[in-house]
Amino acid sequence: KAAEQGHMGGQVNLGVCYERGDGVAKDPARAAELYEKAAVQASGQFCLGVCYREGIGAVKDASRATELFGKAAQQGHSDGQFHLGLCYQDGKGVAKGLAKTAERS
């Protein structure tokens with residue numbers, strides 16, 4: 001109900017349920033939709049970034065994933081910071097740059 005009422009934490013949590021199939025039928029597209037709604041906050045941005053990176057309910061898009069990890073990282077989201085660092089380390093969605101990796105991680 002919280003997700004239906006626009007509660008971002010509820011949207012992220014319900015998205016995780018749909019992504020994993022916990023308590024509901026597995027539906028990656030629905031998970032991505034819920035993460036998109038919650039993408040104004042760091043957790044939603046991070047989860048949506050994972051969807052774009054892995055192609056979970058969305059077309060794989062390394063640039064979009066990196067952008068979302070960056071937004072989450074700017075808000076202090078530690079997983080967003082870590083995954084943004086990996087993007088720079090591996091050159092996924094950005095030019096490979098180990099100096100930038102150390103700065104961002």
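**Notebook: pocket, helices and core**

Entry 1. I looked up the largest pocket and found that about 190 Å³ of space lies in it. Its lining has 13 residues, and those closest to the pocket centre are Arg 53, Ala 62, Cys 87, Asp 90 and Lys 92. I then asked which helices contribute to the lining of the largest pocket. H3, H4 and H5 each supply at least two residues of it. I record here that the model is a predicted one.

Entry 2. I turned to the overall make-up of the protein. I counted six helices and zero strands. Read from the N terminus, the order of elements is α-α-α-α-α-α. The protein has 105 residues, of which 37% count as buried. I noted an exposed area of about 5,800 Å², with carbon and sulfur atoms supplying 49% of it. I also looked at contacts between residues at least 6 apart in sequence, and 32% of these join residues at least 24 apart.

Entry 3. I chose helix H3, residues 42-54, for a check of its length. At 1.5 Å a residue, its 13 residues should span 18 Å. The C-alpha atoms at its ends are 18 Å apart, which agrees with the expected span. After H3 comes Gly 55, and I noted that its phi is positive, near 75°.

Entry 4. Is H3 largely enclosed or largely open to the outside? I found 10 of its 13 residues buried, so the helix is largely enclosed by the rest of the structure. For a residue to count as buried, its relative accessible area must be under 20%. The buried residues are Ala 42, Gly 44, Gln 45, Phe 46, Cys 47, Leu 48, Gly 49, Val 50, Cys 51 and Tyr 52. I next asked what covers the buried residues of H3. The cover includes helix H1 (8-20), helix H2 (28-37), helix H4 (62-74) and helix H5 (78-90).

Entry 5. I examined the largest nonpolar core, which has 24 residues. Tyr 35, Phe 46, Leu 48, Cys 51 and Phe 69 touch the most other members. H1, H2, H3, H4 and H5 each supply at least two residues of this core. The largest share, seven residues, comes from H3.

Entry 6. I followed one of these core residues, Phe 46, in more detail. Which residues does Phe 46 contact, leaving aside its neighbours within four places in sequence? I listed Phe 69, Ala 72, His 77, Asp 79, Gly 80 and His 83. Phe 69, in this list, is also named among the core residues that touch the most other members.

Key: Residues are numbered from 1 along each chain as its sequence is written. This is a predicted model: local features need pLDDT of at least 70, side-chain atom pairs count only at pLDDT 80 or more; totals for chains, interfaces and linings use all residues. Side-chain values use heavy atoms; hydrogens and water are left out. Helices (H or I, at least four residues) and strands (E, at least two) are DSSP runs, numbered from the N terminus. Buried means under 20% relative accessible area, exposed over 50%, partly exposed in between (1.4 Å probe, protein chains only). Contact means heavy atoms within 4.5 Å. Accessible areas come from the Shrake-Rupley method with a 1.4 Å probe; for residues, only the protein chains shown count as cover. The expected span of a helix is 1.5 Å times one less than its number of residues. A nonpolar core is a set of buried Ala, Val, Leu, Ile, Met, Phe, Trp, Tyr and Cys residues joined through side-chain atoms within 4.5 Å. On a 1 Å grid over the protein atoms alone, a cavity is a set of points where a 1.4 Å probe fits but cannot get out, and a pocket is an open set with protein on both sides within 12 Å along at least five of seven lines; lining residues have an atom within 4 Å of a point. Grid points are joined across faces, edges and corners, and a volume is the space filled by probe spheres set on the points.
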